[in-house]
Amino acid sequence: MTDALEEKPTPPTTWSPPRTASRPARVRLWAGVVLLGCAGLWGLAAYLQPDPRGYGTHSQLGTGPCGMLIMTGYPCPTCGMTTAFAHTVRGQWLRALWVQPGGFILALALGATGLVAAWMVIAGRWPRANVWFITPYRAFLALLILLMGSWAFKVVTGLLDGSLPLRP
């Protein structure tokens, strides 16, 4: 009689996680996002007309002039970056390098990143590259050296050619 009152065990239900996109689809999605970002920045740089002074191109976006340049007569570390991007997308590489070496190098890096992202969208996989030596510390240090070195270049060349300090 006790057997009739006992509940029959239910068969175990199998649980499966919700379906996610396959690996190639995720790679293509993220690469597409990166590609759109790179293309957007290059498109914006192509839209802007480089300022002949070598700085101030960013004011076409509605931003004000560089406060450090106005207050001290010397450029800030990022002065000329937008102008260098605008020259780079036009193929005026020597002018871009002269205006702001860091901006020129970053513009080229952005273009290379866009090309790699485009390849990833097509291939659906990460490129086979051994980049074990790139750590966040080293990447930060390289960007800091690039920024400070470019700033020093801009100040020294400005002092040598007489364009710095700016006089109101």
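This text walks through a predicted model, from its overall fold to its pockets, its surface and a few local details.

Start with the fold. The chain has seven helices and zero strands. Read along the sequence, the pattern is α-α-α-α-α-α-α. The chain holds 168 residues, and 28% of them count as buried.

Helix α7 is a good place to begin, as several features meet there. This helix covers residues 136–161. Y137 sits in α7. Y137 counts as exposed because its relative accessibility is 60%, and the cut-off for exposed is over 50%. Y137 also belongs to a nonpolar patch on the surface. The other members of the patch are F140, L141, L144, I145 and M148. Together, the six side chains named here belong to residues with about 610 Å² of accessible area.

L147 is also found in helix α7. Is L147 buried, partly exposed or exposed? L147 counts as partly exposed, because its relative accessibility is 24%, a value that falls between the 20% limit for buried and the 50% limit for exposed. L147 can be paired with P101, which is 46 residues away in sequence. In space, the two C-alpha atoms are 8.7 Å apart.

Now turn to the pockets. The largest pocket holds about 280 Å³ of space. Its lining is made of 17 residues. Which of them lie nearest the centre of the largest pocket? They are R53, Y55, K154, G158 and S163. Helix α7 gives the most to this lining, with five residues. Helix α5, residues 93–99, also takes part: α5 and α7 each supply at least two residues of the lining. By class, the lining of the largest pocket divides into nine nonpolar, four polar and four charged residues.

The second largest pocket has about 230 Å³ of space. Its lining consists of V34, T113, V116, A117, M120, W126, P127, V131 and I134. Helix α6, residues 101–123, provides the largest share of this lining, with four residues. What is the class make-up of the lining of the second largest pocket? Eight residues are nonpolar, one is polar and none is charged. The lining of the largest pocket, by contrast, includes four charged residues.

R53 leads on to the next feature. R53 is among the residues nearest the centre of the largest pocket, and R53 also forms a salt bridge with D51. The closest N and O atoms of this pair are 2.9 Å apart. The structure holds one salt bridge. How do its two partners fare in accessibility, buried or exposed? D51 counts as buried, because its relative accessibility is 14% and the limit for buried is under 20%. R53 is exposed, because its relative accessible area is 51% and the cut-off is over 50%. The bridge therefore joins a buried acid, D51, to an exposed base, R53.

One backbone detail remains, in the segment after α7. P165 lies in that segment. The peptide bond from L164 to P165 is cis. Its omega is near -5 degrees.

Taken in order, helix α7 links much of this picture. α7 holds Y137 of the nonpolar patch, carries L147, and gives the most residues to the lining of the largest pocket. The cis bond at P165 comes in the segment that follows α7.

Technical notes
Residues are numbered from 1 along each chain as its sequence is written. This is a predicted model: local features need pLDDT of at least 70, side-chain atom pairs count only at pLDDT 80 or more; totals for chains, interfaces and linings use all residues. Side-chain values use heavy atoms; hydrogens and water are left out. Patches are made of residues with over 30% relative accessible area and no salt bridge: like charges are joined within 9 Å, nonpolar side chains (Val, Leu, Ile, Met, Phe, Trp, Tyr) within 5 Å. Accessible areas come from the Shrake-Rupley method with a 1.4 Å probe; for residues, only the protein chains shown count as cover. A salt bridge is a side-chain nitrogen of Lys or Arg within 4 Å of a carboxyl oxygen of Asp or Glu. Buried means under 20% relative accessible area, exposed over 50%, partly exposed in between (1.4 Å probe, protein chains only). On a 1 Å grid over the protein atoms alone, a cavity is a set of points where a 1.4 Å probe fits but cannot get out, and a pocket is an open set with protein on both sides within 12 Å along at least five of seven lines; lining residues have an atom within 4 Å of a point. Grid points are joined across faces, edges and corners, and a volume is the space filled by probe spheres set on the points. Ala, Val, Leu, Ile, Met, Phe, Trp, Tyr, Cys and Pro count as nonpolar, Asp, Glu, Lys and Arg as charged, and the others, Gly among them, as polar.
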